[in-house]
Amino acid sequence: MVSEWALIRRNELVDIPDQFVIHPDFLQTLSREEFESAFRDIRAMFYRMYSDMAESPQRFGLPLYKTDEYHYFSNQAREARTVSWNLFFLMLWLFAYGDLKENVFITDTEQVRKMNKAKKTNRLLEALCDYGFVFGGIKKYSLTSANKLEIEYPDNQNVIKVLSAVAKKVTDTQLKDVRNIGSGISVFSNAFIGWNYRVLAEDLHTCSLAEGCDYVSDKMHNEADREVIEILDQILMEQGCTRKKADSNEGPMIRYYAAKPTIHDYALNSEKGELYLELRIRNAEKCLNYLNKCPERIVEMFRRSDTGCQNRINGSCKFGVKYEFEKEEKWHCGCCGAPFKLHPIKEDIPHYLKLVELGGKR
């Protein structure tokens with residue numbers, strides 16, 4: 001179970017483009033070339049770490065829950081979805097609460113222990129040694145054995161400098177006054193966890209990252225998906241919608257509210273790395289004639305049928321949509337999201353808007 005989710009979380013690392021902005025605040029001790037090179041190396045390191053977690057979770061002290069033994073909402077499944085973040089949170093605290101003195105980075109272990117929620121921290125520190133880190137000042141990788149932890153990265157000292165610069169900025173800006181640092185919204189926004197290059201564009205005390213549609217679009221790995229997110233976001237915001245960040249267990253989500261502030265009309269969702277658009281169609285019957293003007297991929301969305309949720313089984317479902325299409329009864333569950341969902345295509349945006357207009361009211 002952990003192996004599957006380690007790969008999903010790996011997919012949430014942000015792609016680094018060929019060209020991007022680095023604010024001068026980050027270049028006080030390194031040249032532009034040195035900083036960028038180390039930044040890219042760290043992204044590659046994070047990718048390897050997630051890959052290794054998937055292959056050998058026991059090496060990192062991660063729980064070995066088997067997928068077929070636990071249901072989706074079990075405590076074990078919940079833990080499996082988030083536990084691979086623990087290593088990167090530990091690294092965040094290690095480099096946020098210390099400073100480089102000569103060639104050694106000195107970290108306050110008391111402050112790290114105060115922030116760190118990970119179990120088996122000694123196993124995580126030991127695992128980090130396999131990626132080039134060298135630790136001193138503590139015994140048997142135990143943070144309780146000393147007040148200070150010495151960290152070195154002999155292969156490239158610039159890696160330490162870049163890790164520290166990003167960790168300190170994220171801690172001082174994105175995580176400032178955040179009560180639940182481990183919530184989905186906070187983690188999906190976190191520039192250190194996602195190793196997001198955009199955090200470098202502004203000064204050390206300013207961070208507007210993940211406040212717009214980039215909260216989802218940065219997690220995409222092809223230009224078509226990023227483009228359709230940006231176009232839809234612009235259209236819906238110009239129409240007067242309210243945008244709110246949300247999250248599912250599978251990834252970040254943006255919800256758009258056209259009328260009621262409690263029920264979204266559209267949502268853009270990264271589900272296990274795949275982009276989906278939710279459409280709040282309450283009365284599908286009103287949309288059926290319009291399907292003659294739609295491409296087959298949209299018609300297929302109406303052709304599909306859900307088995308329904310537990311609420312439907314016990315007769316208490318209030319949000320499902322039932323309709324007849326091609327002489328068959330169809331059912332779409334709406335308890336955990338809008339009833340209709342598909343992978344959005346730029347050319348189909350006018351159809352999405354029209355379908356919600358036609359079927360958005362009962």
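Apart from residues up to four places away in sequence, L268 touches V216, I229, L232, P252, M253, I254, Y256, L275, Y276 and L277. The model in which these contacts are found is a predicted one. L268 belongs to strand β7, which spans residues 266-271, and because its relative accessible area is 1%, below the 20% limit, L268 counts as buried. A distance to a remote part of the chain can be added: the C-alpha atoms of L268 and Y97, which are 171 residues apart along the chain, are separated by 36 Å.

One of the residues touched by L268 is I229, and I229 is also in contact with S217. When neighbours within four places in sequence are left aside, S217 contacts R226 as well as I229. S217 is placed in helix α9, residues 214-217, and with a relative accessible area of 2% this serine is buried.

Another residue touched by L268 is Y276, whose ring also takes part in a charge-over-ring arrangement, since K341 lies over the face of Y276. The table sets this arrangement beside the one formed by R32 and F20.

| Charged residue | Ring | Distance to ring centre |
|---|---|---|
| K341 | Y276 | 5.0 Å |
| R32 | F20 | 5.1 Å |

In the second arrangement, the charged end of R32 sits over the ring of F20, and F20 in turn is part of an aromatic cluster that also holds F39, F46, Y50, F88, F192, W195 and Y197. Over the whole structure, the search for aromatic pairs finds 21.

Two members of that cluster, F39 and F46, also serve in the packing of helix α2 against helix α7. The axes of α2 and α7, the latter formed by residues 157-172, come within 9 Å and cross at roughly 80°. This crossing angle makes α2 roughly perpendicular to α7, because angles of 65 to 115 degrees are classed in that way. On the side of α2 the contact is made by E34, F35, A38, F39, I42, M45 and F46, and on the side of α7 by N158, V159, V162, L163, A165 and V166.

Helix α2, residues 32-55, is also among the elements that cover the buried residues of helix α6, and these elements include α4 (86-96) and β3 (134-136) too. In α6, which runs over residues 121-128, the buried positions are T121, L124, L125, A127 and L128. These positions cover an arc of only 160° around the axis, and therefore they are on the same side of α6.

Of the buried residues in α6, A127 can be followed further. A127 has a relative accessibility of 3% and so counts as buried. Not counting residues up to four places away in sequence, A127 touches R59 and F60. The pair A127 and R59 is separated by 68 residues in sequence, yet the C-alpha to C-alpha distance is 7.0 Å.

A similar description can be given for helix α3, residues 75-82, whose buried residues are A77, A80 and R81. Because these three cover an arc of only 100° around the axis, they are on the same side of α3. The buried residues of α3 pack against α1, which is made up of residues 2-10.

Definitions and conventions
Residues are numbered from 1 along each chain as its sequence is written. This is a predicted model: local features need pLDDT of at least 70, side-chain atom pairs count only at pLDDT 80 or more; totals for chains, interfaces and linings use all residues. Side-chain values use heavy atoms; hydrogens and water are left out. Rings of Phe, Tyr and Trp (its six-membered ring) pair if their centres lie within 6.5 Å; planes under 30 degrees apart count as stacked, over 60 as edge-to-face and the rest as tilted. A charge sits over a ring if NZ of Lys or CZ of Arg is within 6 Å of the ring centre and within 35 degrees of the ring normal. Helices (H or I, at least four residues) and strands (E, at least two) are DSSP runs, numbered from the N terminus. Buried means under 20% relative accessible area, exposed over 50%, partly exposed in between (1.4 Å probe, protein chains only). Contact means heavy atoms within 4.5 Å. The arc is that of the directions from the helix axis to the C-beta atoms. Axes are lines fitted to C-alpha atoms, for helices over the stretch in contact, and angles run from 0 to 180 degrees between N-to-C directions. Angles under 35 degrees count as roughly parallel, over 145 as roughly antiparallel, 65 to 115 as roughly perpendicular and the rest as oblique.
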